[in-house]
Amino acid sequence: MAEQEPLGIEVILDEEAESRAPMCPHGPALLFAKVKRKEEQVRRFYACAACRDRKDCNFFQWEDEKVSETRLQAREEINRSRQPPFTHTEYVERYQSFVALPLAKRKFCADCQLLLLPEEWGPHSAHCLLSDVSLAQLKRPSRLLLPLENKKTNAQYLFADRTCQFLLDIIISLGFRRVLCVGTPRLHEFIQMRQSEKKEPVMRSQLLDIDFRYSQFYSQEEFCHYNMFNHYFFGGKFASEACQRFLCQPNGESVIMVTDPPFGGMVEALAHSFKKVVRLWKTSCDQAHNEELPMFWIFPYFFEPRILQCFPTFALLDYQVDYDNHALYKHGHSGRKQSPVRIFTNLPPKDVVLPAEEGYRFCSLCQRYISSENKHCESCQACTSKDGRAWKHCQICNKCVKPSWVHCDSCGRCALQEHPCGKVGHGCFTCGSTEHKRRECPVSENRTTMKKLKSGKRKISEMDKEPVATKFQRQTQAKRARKKKKVKWAPGKSKGKPKKKK
Ligand SMILES: C[S@@+](CC[C@H](N)C(=O)[O-])C[C@H]1O[C@@H](n2cnc3c(N)ncnc32)[C@H](O)[C@@H]1O
Ligand SMILES: [Zn+2]
Ligand SMILES: [Zn+2]
Ligand SMILES: [Zn+2]
Ligand SMILES: [Zn+2]
Ligand SMILES: [Zn+2]
Ligand SMILES: [Zn+2]
């Protein structure tokens, strides 16, 4: 299977490529091919599955490249040095010691993003420390930890409470009692809090996320350090078995998977991993599941065609997902746009009741809940709005289009009045969508917006999460690298030729 990525890079997802994939610090690398003109030979290469920015992980290897034993060893050393400073077992022990401390001794280092034990205070004395960490704060790690802001790699946008509460309510009302949270730490936290308050019905959740800082707060049954682009469990078989145990449904405690991947991510690689999660679910408890694993995949609506290609039974719901720390996607924020982030699901849309108090209503013809301004079009026989505004039908295009669009005879399609005539159809330079311009792309957002968002907040980069020793090593390495020629290339973002680095 070979799926095409915009901007001329495709990811090759087959067993053969997987079985021979070299390892980077983020698990098995993915095989990519640069799409060239027909006559040209395509040389395929492996690159990091998690990081789209070479600054985060510069792993690169030609598919047919012979790698010397020395280089393999050096690579293993790098992979080891970039793992978290503690094992998950150690993190759990540290947490137990931490909660046993009196309040005055409970300190969190904001610079290192680490819960500190008293004997460790010394090396952190010049760092920014948060004192008197309460149990209530420990129950909300997503508020204690600074969101990872590298938009290409992590893009940690956290749900607004409104969205989190909605998701939880709907999940409970649909009868689910277990939630596999893939890249949804805040939803996991909501469920864990509920559990500690002993609310009925009892809900359980497990978080799979690449952000290992969560190992500090959750047990191995509650959290797995996981890469959703290659279905890699950093904790090995022990961790994947913990996930499989969680997916097993004793006493009919049915399970749903909720995922909110970084938007820059390759849809096809994500879908490939999620299908593996489905297989894990199917083999859990040795029970035969004939049905599909219920899923909520949260993603911008303009990825609909690509998601449906991977999961044809999925439907797009009208509900607008909101984030706390995303300047562009805040619900009803004055003068701001409406959020383009939606829920894709394999559950019958009619069962997912959207909140009437936010204007959603039921369309009996479409048998689903729709946003207040979405209108049922007689010609299309559907409620056609995707962005929440009322769309209008174009007789020539024979489909509904955005209200701001007009039909252009020269282009033979609808577009904005002031479109570059004769050039429409190229879409967003970054993600290929024809729904927005690059400036509005969620994959690479408006720089000024991000700057505003960041002001007064320190950016947490991959470096800040590392132990001091590794951080120092990397800084020195980085200085050395800067002296050398600059390498400007990342999978999916390619403009120039990839240059060998390792
Ligand atoms: C858009 S945020 C979603 C957070 C969610 N809205 C919440 O509030 O719980 C993406 C999440 O996926 C995680 N993530 C990013 N890359 C990942 C990867 N390769 N594998 C697993 N998780 C990843 C991030 O750490 C982050 O928690
Ligand atoms: Zn990597
Ligand atoms: Zn520190
Ligand atoms: Zn309708
Ligand atoms: Zn229509
Ligand atoms: Zn038209
Ligand atoms: Zn035109």
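Trainee: Quick one before the bench: is His419 buried or exposed?
Mentor: Buried, since His419 has 15% relative accessibility. Buried means under 20% relative accessible area, exposed over 50% and partly exposed in between, with a 1.4 Å probe and protein chains only.

Trainee: And what should I know about the model itself?
Mentor: It is a predicted model: local features need pLDDT of at least 70 and side-chain atom pairs pLDDT 80 or more, while totals for chains, interfaces and linings use all residues. Residues count from 1 along each chain as written, chains are lettered from A and ligands numbered from 1 in written order, and side-chain values use heavy atoms, without hydrogens or water.

Trainee: Back to His419. Which residues coordinate the zinc ion (ligand 7)?
Mentor: Cys408 (SG), Cys411 (SG), His419 (NE2) and Cys421 (SG), at 2.0 to 2.5 Å. Donors are N, O and S atoms within 2.8 Å of the metal, or 3.2 Å for Na, K and Ca; water is not among the atoms, so sites may look incomplete.

Trainee: What geometry does the site have?
Mentor: The site of the zinc ion (ligand 7) is tetrahedral, with angles of 102 to 114 degrees among the four donor atoms. Four donors count as tetrahedral if all angles lie between 85 and 135 degrees. The ideal angle for four tetrahedral donors is 109.5 degrees. Along the chain the donors are spaced C-x2-C-x7-H-x1-C. Cys421 counts as partly exposed because its relative accessible area is 45%.

Trainee: What holds the zinc ion (ligand 6)?
Mentor: Cys394 (SG), Cys397 (SG), His407 (ND1) and Cys414 (SG), at 2.0 to 2.3 Å. Cys397 and His407 link distant parts of the chain, 10 residues apart: Cys397 lies in the loop between strand 23 (392-394) and strand 24 (399-401), and His407 in strand 25 (residues 405-408). Strands (E, at least two residues) and helices (H or I, at least four) are DSSP runs, numbered from the N terminus. This site is tetrahedral too, with angles of 101 to 118 degrees. Its donor spacing is C-x2-C-x9-H-x6-C.

Trainee: How exposed is Cys397?
Mentor: Partly exposed, because its relative accessibility is 24%. His407 is at 24% and is partly exposed as well.

Trainee: Which residues donate to the zinc ion (ligand 3)?
Mentor: Cys109 (SG), Cys112 (SG), His124 (ND1) and His127 (ND1), 1.9 to 2.3 Å away. The sequence spacing is C-x2-C-x11-H-x2-H. The site is tetrahedral, at 102 to 115 degrees. His124 is buried at 9%, whereas His127 is partly exposed at 26%.

Trainee: Switching to the sheet. What is the strand order?
Mentor: It is an open sheet of eight strands, ordered 14-13-12-11-15-16-18-17, with mixed pairing. Strand 14 (232-233) and strand 17 (315-316) are at the edges with a single partner strand each, so one side of each has no neighbour in the sheet. Two strands pair if DSSP finds at least two bridges between them.

Trainee: How does strand 11 pair with strand 15?
Mentor: In the parallel sense, over five bridges. Leu180 has Met257 as its bridge partner there. Strand 11 (residues 178-182) also runs parallel to strand 12 (residues 204-209), again with five bridges. Arg178 is opposite Arg204.

Trainee: How covered is strand 11?
Mentor: Mostly covered, with five of its five residues buried. Arg178, Leu180 and Val182 are on one face, Val179 and Cys181 on the other.

Trainee: What joins strand 11 and strand 12 into a unit?
Mentor: Helix 7 (residues 185-196), giving a right-handed β-α-β unit. Right-handed means that, with the strands pointing away from the viewer, the path from the first strand over the helix to the second runs clockwise. After helix 7, the loop leading to strand 12 holds Pro201. A cis peptide bond joins Glu200 and Pro201, with omega about -10 degrees.

Trainee: Last topic. Which residues come nearest to ligand 1?
Mentor: Tyr157, Phe159, Arg186, Asp209 and Asp260, of the 23 residues around it. A residue is near if one of its heavy atoms lies within 4 Å.

Trainee: Which polar atom of Arg186 faces a ligand 1 oxygen at 2.7 Å?
Mentor: A backbone N or O atom. A side-chain N or O atom of Gln156 is 3.1 Å from an oxygen atom of ligand 1.

Technical notes: Tetrahedral: all angles 85-135°; square planar, octahedral: opposite > 155°, others 65-115°. Polar contact = N/O pair within 3.5 Å; in protein donor to acceptor, adjacent residues only side chain to side chain.
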